[in-house]
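Colleague: I've got a model open and I'd like to quiz you on it. Can you take me through the reasoning and finish each reply with what I asked for?

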Amino acid sequence: MRTTMNLPDALMDEVRERAKAEHRTVTSLMIEALNDLLAKDRTVTEKYSLPTDGYPNGRMLIDIDDKDAVQQHFDEEDGWL
């Protein structure tokens, strides 16, 4: 897919230099960078999940306004508690 983006000149210069140094195209460098960014977001989203309704495993849901309850949930998932 062809697209147009408005990027700062300094950023585009840096991208071109990097692509040249790695003997790659600017397009391949941009694709890799965007894939890495999106993969990082997916990993974070997949790692932690909060219950959304009902009583999973017989426990009450988490009040997302209660930061201590949210932190405790993450600690339990990570094996800290």
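Colleague: Let's start with leucine 11: is it buried, partly exposed or exposed?
Modeller: This is a predicted model, by the way. Leucine 11 sits in helix H1. Buried needs under 20% relative accessible area and exposed needs over 50%. Leucine 11 comes out at 40% relative accessibility, so it counts as partly exposed.

Colleague: Which residues form a nonpolar patch on the surface?
Modeller: To join a patch, a residue needs over 30% relative accessible area, and leucine 11 has 40%. The patch has about 250 Å² of accessible area together, and its members are Met5, Leu7 and Leu11.

Colleague: Staying with helix H1, which residue forms a salt bridge with aspartate 13?
Modeller: Side chains of opposite charge can pair when their charged atoms come close. Helix H1 covers residues 9-21, and the two partners both lie there, 3 residues apart, or about one turn of the helix. Their closest N and O atoms are 3.7 Å apart, and the cut-off is within 4 Å, so the pair counts. The partner of aspartate 13 is arginine 16.

Colleague: And are those two buried, partly exposed or exposed?
Modeller: Aspartate 13 has 39% relative accessibility. Arginine 16 has 46%. Exposed would need over 50% and buried under 20%, so aspartate 13 and arginine 16 both count as partly exposed.

Colleague: Which residues are linked in a network of salt bridges?
Modeller: Try starting from glutamate 22, whose side chain meets that of arginine 18 at 2.6 Å, N to O. Glutamate 22 also meets arginine 24, this time at 3.0 Å. Glu32 belongs to the network too, and the full set is Arg18, Glu22, Arg24 and Glu32.

Colleague: How do glutamate 22 and arginine 24 count for exposure: buried, partly exposed or exposed?
Modeller: Glutamate 22 is at 32% relative accessibility, while arginine 24 is at 27%. Buried would mean under 20%, so glutamate 22 and arginine 24 both count as partly exposed.

Colleague: How many salt bridges does the count come to?
Modeller: We've already met aspartate 13 with arginine 16, arginine 18 with glutamate 22, and glutamate 22 with arginine 24. Glu32 is tied into the network as well. The count comes to 4 salt bridges.

Colleague: Which residue has a positive phi although it is not a glycine?
Modeller: Look in the loop between H1 and H2. The residue there counts as exposed, at 75% relative accessibility, because exposed means over 50%. Its phi is about 55°, and its name is histidine 23.

Colleague: Where is aspartate 66, and is it buried, partly exposed or exposed?
Modeller: Aspartate 66 lies in the loop between helix H2 (26-47) and helix H3 (67-77). It also belongs to a patch of negative charge on the surface, together with Asp63, Asp65 and Asp68. With a relative accessible area of 33%, aspartate 66 is above the buried range of under 20%, so it is partly exposed.

Colleague: Zooming out, how many helices and strands are there?
Modeller: From the N terminus on, the elements run α-α-α. The secondary structure comes to 3 helices and 0 strands.

Colleague: Last one: what percentage of the residues count as buried?
Modeller: The protein chain exposes about 7,400 Å², and carbon and sulfur atoms supply 54% of that. A buried residue has under 20% relative accessible area. Of the 81 residues, the share that counts as buried is 9%.

Terms used. Residues are numbered from 1 along each chain as its sequence is written. This is a predicted model: local features need pLDDT of at least 70, side-chain atom pairs count only at pLDDT 80 or more; totals for chains, interfaces and linings use all residues. Side-chain values use heavy atoms; hydrogens and water are left out. Helices (H or I, at least four residues) and strands (E, at least two) are DSSP runs, numbered from the N terminus. Buried means under 20% relative accessible area, exposed over 50%, partly exposed in between (1.4 Å probe, protein chains only). Patches are made of residues with over 30% relative accessible area and no salt bridge: like charges are joined within 9 Å, nonpolar side chains (Val, Leu, Ile, Met, Phe, Trp, Tyr) within 5 Å. Accessible areas come from the Shrake-Rupley method with a 1.4 Å probe; for residues, only the protein chains shown count as cover. Lys and Arg count as positive and Asp and Glu as negative; His and the chain ends are not counted. The place of a charge is taken as NZ of Lys, CZ of Arg, CG of Asp or CD of Glu.
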